[in-house]
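Subject: Structure handover

Hi,

Here is the structure for you to look at. My notes on the fold follow below it.

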Amino acid sequence: MKWPSWLTPKSRRHAPPPAPEPSLTACPDCGREMDRIEKSTMSGYDMRTYRCEPCGKEHIVNFGSALWKVLSDARGADEKGERQNG
Ligand SMILES: [Zn+2]
């Protein structure tokens, strides 16, 4: 099968570059990297407070499940009969 000329990889070299990964620690207002001032995993989530000096604002960033929560859940699953070599 012969592809139409506009479908060949060569014709796609002008595709725009992929967008840069959005940084969790970048200020949503000005895009600058913020300074971490606090970290809390009490709720089971890795919540960190960042401060943007130029904006004078603080932003709470959720990094997902806290490490202790992940480990706790994994241990719980293990005790529910996942053991093979009991
Ligand atoms: Zn900012």
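A definition first: two strands count as paired if DSSP finds at least two bridges between them. Please also keep in mind that this is a predicted model.

**Overall layout**

The chain has 86 residues. Its secondary structure comes to 1 helix and 3 strands. Reading from the N terminus, the order of elements is β-β-β-α. Burial is low in number: 3% of the residues count as buried. As for contacts between residues at least 6 apart in sequence, 25% of them join residues at least 24 apart.

**The sheet**

The 3 strands make an open sheet in the order E1-E2-E3, and the pairing is antiparallel. Which strands stand at the edges? They are E1 (35-40) and E3 (57-65). Each has a single partner strand, so one side of each is left without a neighbour in the sheet. On average, neighbouring strands are turned by 25 degrees against each other, direction ignored.

Now the two pairings, one at a time.

- E1 with E2: E2 covers residues 45-52, and the two strands pair in the antiparallel sense over 5 bridges. Ser-40 has Met-47 in E2 as its bridge partner. The two strands form a hairpin with 4 residues between them. Gly-44 in this hairpin takes a positive phi near 95 degrees.
- E2 with E3: these strands run antiparallel and are joined by 7 bridges. Cys-52 has Lys-57 in E3 as its bridge partner. This is a hairpin too, with 4 residues between the strands. In the turn, Gly-56 has a positive phi of about 70 degrees.

How many residues of E1 are buried? The count is 0 among its 6 residues, so to speak hardly any cover for E1.

**Two residues to look at**

Start with Cys-27. It sits in the segment before E1. Is Cys-27 buried or exposed? The cut-offs matter here: 20 or more other C-beta atoms within 10 Å make a residue buried, and 12 or fewer make it exposed. Cys-27 has 18 within 10 Å, so it is partly exposed. Leaving out residues up to four places away in sequence, Cys-27 touches Arg-32, Met-34, Cys-52, Cys-55 and His-59. One of these, Cys-52, is the bridge partner of Lys-57. Cys-27 also comes within 9.0 Å of Glu-58, C-alpha to C-alpha, although the two are 31 residues apart in sequence.

Then Glu-53. Its place is in the loop between E2 and E3. Glu-53 counts as exposed, because it has 10 C-beta neighbours inside 10 Å. Its C-alpha atom is separated by 9.6 Å from that of Glu-33, which is 20 residues away along the chain.

**The helix**

H1 takes in residues 67-79, which is 13 residues. Does its length come out as expected or not, and what is the span? At 1.5 Å a residue, H1 should span 18 Å. Its end C-alpha atoms are 19 Å apart, which agrees. H1 is hardly covered: 0 of its 13 residues are buried.

That is the handover.

Best wishes

Methods: Residues are numbered from 1 along each chain as its sequence is written. This is a predicted model: local features need pLDDT of at least 70, side-chain atom pairs count only at pLDDT 80 or more; totals for chains, interfaces and linings use all residues. Axes are lines fitted to C-alpha atoms, for helices over the stretch in contact, and angles run from 0 to 180 degrees between N-to-C directions. Two residues are in contact if their C-beta atoms, placed from the backbone, lie within 7 Å. The expected span of a helix is 1.5 Å times one less than its number of residues.
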